[in-house]
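This report walks slowly through a few features of one structure, and it explains each technical term when the term is needed. Please keep the sequence and the 3D view open while reading.

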Amino acid sequence: MNEERRRFIRAGAHALVTMPIAGAIAGAIGGCASAPAATTSAGYARLLILVELKGGNDGLNTLVPFTDPAYYRLRPKLGIARDAVVPLSDRCGLHPALQPLLALWKRQELAVLQGVGYPAPNLSHFRSIEIWDTASRSDQYLPTGWLTRTFAATPPPRDYAADGFVIGSYDLGPLDGGARAVTIADAARFGDRAPSTNALARAGTPALEHILRTESDIVRAAAQLRNNVTLATRFPEGAFGNAVRTACNAIARAKGVAVVRLTLNGYDTHADQAPTQARLHAELADGLVALVQGLTELRRWDDTLILTYAEFGRRPRENLSGGTDHGTASVHFALGGRVAGGLYGAEPGLARLSVDGNLAPAIDFRSVYATALERWWGLDSHGVLGGRFETLPIMRA
Amino acid sequence: MRCDWPLASASPHSPVFDPATMMRSPPFIRHFVEPLALLVLALASSLAQADATQRLDFDDARHLLVRTGFAPTVAQVRALEGRTREEAVDALLAQTRSDPIVPSPAWTTGATAPEDIPHPGMSADERKVLRQRERARIEELRGWWLAEMRATPSPLTERMTLFWHDHFATSEQKVGDARLMYAQNALFRREALGNFATLLHAVAKDPAMLIWLDGARNRRGAPNENFAREVMELFTLGEGHYAQSDVAQAARAFTGFGVDRATGQAVFRPRLHDDGVKTILGARGDFDMNGALDVLLARPETATFLVDKLWREFVSPQPDAGEVARIAGDFRASHYAIKVALRDLLLSDAFWGARNRGTLVKSPAELVVGTLRTLDVDPGDMRPIAAATARMGEVLFAPPNVRGWPGGDAWINSSTLLARQAFLARATRAMPDTFMAVSTRGGSPSASAEWQHLLLPLPAVSDAVTEAAAEREPAVVIRATMLDPVYQLK
């Protein structure tokens, strides 16, 4: 037995002991019933939730370096005054709209990752999110999402409703290219409306195969999403609140799912950033707090890891439209019952901007993925990420 | 009333068998000489363009109409049967309109009253009233456009208007003014099949676009790069064919434009324009907007990028690089006449080839409008139809971002497939009435195989279609055929 395999099983066994019963049983059944690779899949009893901040969130106004005079020089209009910031240390603090996250920070269940990015950054939304979704190098084009590759190497248990639920976006992101990803708009209605078409397997075009595969994924997930579960947790209004509600309902109804990907749209703040980012951050914070409550009610909080991500951060120097243009490295959050809260990475080097006026990365985004793969699921990350990336010490033992 | 087009042979849709190569062959020959036909096909494909004189059979005629419009009626397919490819394509391109036949909402014309323009002194209630009016207007506009798609005698115009809406993807969610969205839609329709260079220049100064990509905020001293980046990445060159410095320099050239909210017109303010020297893609000069756009239009990558995208819209998900290069050459030589590129694409062997049939997924608008057109149904109020396309992932006038809709296979995911089937189930519930309406006009097919020819690009895969065929009950047959997964394809 190789080293990676042993490590996975250790983590999987650990998960089995501590997971709530339902998830653990699902994991164990899947592990026994499947092909050899899948015997290690008990690790997927631990849930990963990805939250995409679509458009490219401004990291500097998410975690404000309020003691750095360079910050206020670069942000004469958009700079957030020191006394408005929610302090996390004597040097930096959260955007005021993120105040609801302070309770998690105090419980040390919120890790703040500073300067997440990658070398030779691309400033196109579409190319950069493709780099993030496929976990490629900046100059490399990969056809599949990083989670699709993960699940191809180590499939989640067969009785899971799906490999992943996608909520709030029609784009499959890291689950693109083959994962059993189910896009859900409404968990309750999904089950009711599933088709009864009985398609005969026949050779056809790739588009037809895609439709038939989607249909069979629907049928499988719908069988579980029909289970009726009522949650006491109150979810906020708005698109992101609805996505969080849908996520909690789907997680509650499913026998299992390895990944949930949520999307919060609108962070591309080229103009009038201040009110837009404040509104989005309030939606994000309220939604995350409700997500924590819902998962706690489901007794899943201790086996959930939530990670935020985005294609890039924004340019340190504000533009004349009261906004910021596309940038590079940014701040991201890791939340969970087992997360070791605190600040990670490095403060933004505002004195050492690139020729384009952008920030250098302190944490490679693939290190965040390696952390999820190795320290959360107990999988080897080398094959999926095409190289060895240092993991972050953001998980408690 | 039965129709008399050739009925299904053993493999009318065989993925390697081109019906066009054996049209006019007696059915028994089709049955028995398929291998021979394949050989002929192989020989024929070596004679470039010789196929322009091929005559269309029913499946070919349907293919052309579905791919260049929304789904046709039986009568429309019949009218094209027997023409050569070249005749059919040229007739199609000769008949395109550049204006709508359905009257647009009254508020789309004329000036806006001063009290209707948002201003800083407005009360919260006044703002709310304006917001509600805008919401109602944009819903009305969506319904109007779908009504035009359903009614137009020039469906290719609407398909190209949609194509340009997706290419220059602009969302009312940021523009916030339905009048400006209408004006942009009218521009896309006017140049739908006109000239791409003209269109690009007009789009760059289009008020909705100036708001959408912050051109109206881009001024000398601290340029806003939003439009400059997207015009290179998404509208002309494609990613990888420019550098960040080109974006920054072009952004300077684009400075100085704004939008007069009262008139809904773009305005140029010379004092906010940077008239200094810029270097864009190696070209040096004191470029203004027109100059910078001409630099982009002079690059060969622009024609290639556009033809590649048109190929994915009309031919197949996998462009043939050699053919794209040939057609892009013609497109460029024509100074971007859109019909030149389309004519080449529609006369290409790949367009007619059997292996490319059923390879494209219908967009939500194509699915719903096509269903209504094929059955010749007018629902009156089209706003519920707009809501249906929204559930399928296509909110007209509100693409997800500046890249437009991902399209292709990405139209189909578990949510959108459920929404598509729900629409088709609803649309076919009223089938007995609809069917009577169609059949009393004559020319309606009645047998299952005939409906499959009209509605599907490949043989049906669901056993419901087989079961329905045994019943020979038209409403059941149509419903089963439209609910077959193959109906999602074109």
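Two strands are said to pair if DSSP finds at least two bridges between them, and the elements themselves are DSSP runs numbered from the N terminus, with helices (H or I) of at least four residues and strands (E) of at least two. The model is predicted, with local features needing pLDDT of at least 70 and side-chain atom pairs counting only at pLDDT 80 or more, while totals for chains, interfaces and linings use all residues. Residues are numbered from 1 along each chain as its sequence is written, and chains are lettered from A and ligands numbered from 1 in the order in which they are written.

**A strand of chain A and its partners**

Strand β5 of chain A, residues 110-117, is mostly covered, since eight of its eight residues are buried; a residue is called buried if 20 or more other C-beta atoms lie within 10 Å of its own, exposed if 12 or fewer, and partly exposed in between, with C-beta atoms placed from the backbone. With strand β10(A), residues 330-336, β5(A) pairs in the antiparallel sense over five bridges, and Val116(A) has Ser330(A) as its bridge partner there. The pairing of β5(A) with strand β11(A), residues 342-345, is parallel and has four bridges, and in β11(A) the bridge partner of Val112(A) is Leu343(A). Strand β12(A), residues 363-364, runs parallel to β5(A) and is joined to it by two bridges, with Gly117(A) standing opposite Asp364(A).

**Where chain A touches chain B**

Two residues are in contact if their C-beta atoms, placed from the backbone, lie within 7 Å. By this rule, 37 residues of chain A are in contact with 40 residues of chain B. On the side of chain A that touches chain B, the elements giving two or more residues are α5 (125-134), β7 (181-183) and α8 (206-225) of chain A, and the largest share, ten residues, comes from α8(A).

**Two loop residues of chain B**

The table lists two residues other than glycine that have a positive phi.

| Residue | Phi | Loop in chain B |
|---|---|---|
| Tyr336(B) | near 70° | between α16 (321-333) and α17 (338-346) |
| Asp376(B) | near 55° | between α19 (364-374) and α20 (383-391) |

Are these residues buried or partly exposed? Tyr336(B) counts as buried because it has 20 C-beta neighbours inside 10 Å, whereas Asp376(B) counts as partly exposed because it has 15 C-beta neighbours inside 10 Å.
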